[in-house]
Amino acid sequence: MDGESLDQADLLVQLETLKEEHEALNAEVDALAENGVIDQLKFARMKKEKLRLKDEISKVVDQITPDIIA
C-alpha cells in the first residue's frame, strides 16, 4: 500500500509541475499575442506544446482518478 501512495504522491507532483508549465507557456503565448509582432512559427510551436502539456495533464489525472464501473 505504501508503494501505491508513493505513486499517487508522485503523480500529484507531476500533475502540479505540468500545470505550472502549462500556465507559464500560456502567459508567454498571451504576451506574444499582445505584443503584436508575432513570429508565426514560434507561436505555432508554443501552441502545439500547450496542447501536448494539456494531453499529459489529462493522462496524469486519469491515472490519479480511479475507474468507476457503473
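How many helices and strands does the protein chain have?

**Figure 1. Overall fold of the protein chain in the predicted model.** The protein chain has two helices and zero strands. Helix α1 spans residues 2–35, and helix α2 spans residues 40–64. Of the 70 residues in the protein chain, 20% are buried. Among contacts between residues at least 6 apart in sequence, 67% join residues at least 24 apart. The area exposed by the protein chain is about 5,700 Å², and carbon and sulfur atoms supply 55% of it.

**Figure 2. Close-up of a patch of negative charge on the surface.** Four glutamates, Glu16, Glu20, Glu21 and Glu23, gather in this patch. One of them, Glu20, has its place in helix α1. The relative accessible area of Glu20 is 48%, so this residue is classed as partly exposed.

**Figure 3. Close-up of Lys50, a buried residue without a salt bridge.** Lys50 lies in helix α2, which covers residues 40–64. Although Lys50 is buried, no salt bridge is found for this residue. Asp30 is the nearest side chain of opposite charge, at 5.6 Å from Lys50; a salt bridge would require a side-chain nitrogen of Lys or Arg within 4 Å of a carboxyl oxygen of Asp or Glu.

**Figure 4. Close-up of the contacts of Lys50.** When residues up to four places away in sequence are not counted, Lys50 touches His22, Leu25, Asn26 and Val29. Lys50 itself belongs to helix α2.

Technical notes. Residues numbered from 1 in each chain as written. Predicted model: local features only at pLDDT ≥ 70, side-chain atom pairs only at ≥ 80, totals over all residues. Heavy atoms only, no water. Patch = residues over 30% accessible without salt bridge, like charges linked within 9 Å, V, L, I, M, F, W, Y side chains within 5 Å. Areas by Shrake-Rupley, 256 points an atom, 1.4 Å probe, with all protein chains shown as cover. Lys, Arg positive; Asp, Glu negative; His and termini not counted. Charge placed at Lys NZ, Arg CZ, Asp CG, Glu CD. Helix = DSSP H or I, 4+ residues; strand = E, 2+ residues; numbered from the N terminus. Buried < 20%, exposed > 50% of the residue type's maximum accessible area, 1.4 Å probe, protein only. Contact = heavy atoms within 4.5 Å.
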